[in-house]
Amino acid sequence: MRFWSRRSPAPDVNHGARYLRRRDDEFVETARVIDVSADAAGIVHVHFNLKISGPRMTEEEQRTLSLEYFHRLYGEALPG
């Protein structure tokens, strides 16, 4: 039984880069990369600040996701 799939590698994600995610509920998420590093198991993680903007509300927080999952959620890079 196989628990993983082969996907094309995620593109380089660099410190300071910004990415966008448009949600179906009128909210927009903007992620700004703080750091990219591998853990002890070799899994690469993206540490980022997240700004969530929507009708009459804005919130900011810090999050960490694996590089693969980060790329799936925040695939739209914003110009530099």
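The legends below describe close-up views of one predicted model.

Local features need pLDDT of at least 70 and side-chain atom pairs count only at pLDDT 80 or more, while totals for chains, interfaces and linings use all residues. Residues are numbered from 1 along each chain as its sequence is written, and side-chain values use heavy atoms, with hydrogens and water left out.

**Figure 1. Overview of the chain and its elements.** The secondary structure comes to 1 helix and 5 strands. Helices (H or I, at least four residues) and strands (E, at least two) are DSSP runs, numbered from the N terminus. Along the sequence the pattern reads β-β-β-β-α-β. Of the 80 residues, 19% count as buried. Here buried means under 20% relative accessible area, exposed over 50%, and partly exposed in between (1.4 Å probe, protein chains only). The accessible surface of the chain comes to about 6000 Å², and 49% of it belongs to carbon and sulfur atoms. Such areas come from the Shrake-Rupley method with a 1.4 Å probe; for residues, only the protein chains shown count as cover. Contact means heavy atoms within 4.5 Å. Of the contacts with a separation of 6 or more, 33% join residues 24 or more positions apart.

**Figure 2. Confidence along the chain.** The predictor's confidence in each residue is its pLDDT, from 0 to 100. The chain has a mean pLDDT of 88, and 86% of its residues reach 70 or more. Among the elements, strand E3 (residues 44-54) has the highest mean, 97, and strand E5 (residues 76-77) the lowest, 93. Over residues 1-6 the pLDDT is below 50, and this stretch has 0 contacts in the model beyond near neighbours in sequence.

**Figure 3. The open sheet.** Strands of a sheet pair through backbone hydrogen bonds, either parallel or antiparallel. In this model 5 strands form an open sheet in the order E4-E3-E2-E1-E5, with antiparallel pairing. Strand E4 (57-66) and E5 are the edge strands, each pairing on one side only. Two strands pair if DSSP finds at least two bridges between them. E1 and E5 pair over 2 bridges in the antiparallel sense. There, Leu20 has Glu76 of E5 as its bridge partner.

**Figure 4. The E3-E4 hairpin.** E3 and E4 run antiparallel and are joined by 10 bridges. His47 stands opposite Thr64 in E4. The two strands form a hairpin with 2 residues between them. Arg56 lies in the loop between E3 and E4. Its phi is positive, about 60°, although Arg56 is not a glycine. Arg56 counts as exposed because its relative accessibility is 84%.

**Figure 5. Glu26 in the E1-E2 loop.** Most residues other than glycine have a negative phi. Glu26 has a positive value, near 70°. This residue lies in the loop between E1 and E2. Glu26 counts as exposed because its relative accessibility is 63%.

**Figure 6. An aromatic cluster.** The structure holds 4 aromatic pairs. Rings of Phe, Tyr and Trp (its six-membered ring) pair if their centres lie within 6.5 Å; planes under 30 degrees apart count as stacked, over 60 as edge-to-face and the rest as tilted. Tyr19 and Phe70 form an edge-to-face pair, 5.4 Å centre to centre with 85° between the planes. This pair links distant parts of the chain: Tyr19 sits in strand E1 (residues 18-22) and Phe70 in helix H1 (residues 67-73), 51 residues apart. Both Tyr19 and Phe70 are buried. Ring pairs link Tyr19, Phe48, Phe70 and Tyr74 into a cluster.

**Figure 7. The largest nonpolar core.** A nonpolar core is a set of buried Ala, Val, Leu, Ile, Met, Phe, Trp, Tyr and Cys residues joined through side-chain atoms within 4.5 Å. The largest has 13 residues, of which Val13, Val46, Phe48, Phe70 and Tyr74 touch the most other members. Strand E2 (28-38), E3 and H1 are the elements that give two or more residues to this core. E3 gives the most, with 4 residues.

**Figure 8. Surroundings of Val33 and Val46.** Val33 lies in strand E2. Val33 counts as buried because its relative accessibility is 0%. Leaving aside neighbours within four places in sequence, the contacts of Val33 include Val13, Tyr19, Val46, Phe48 and Phe70. With the same neighbours left aside, Val46 is in contact with residues including Val13, Val33, Thr64, Leu67 and Phe70. The C-alpha atoms of Val33 and Thr64 are separated by 9.7 Å, with the two residues 31 apart along the chain.
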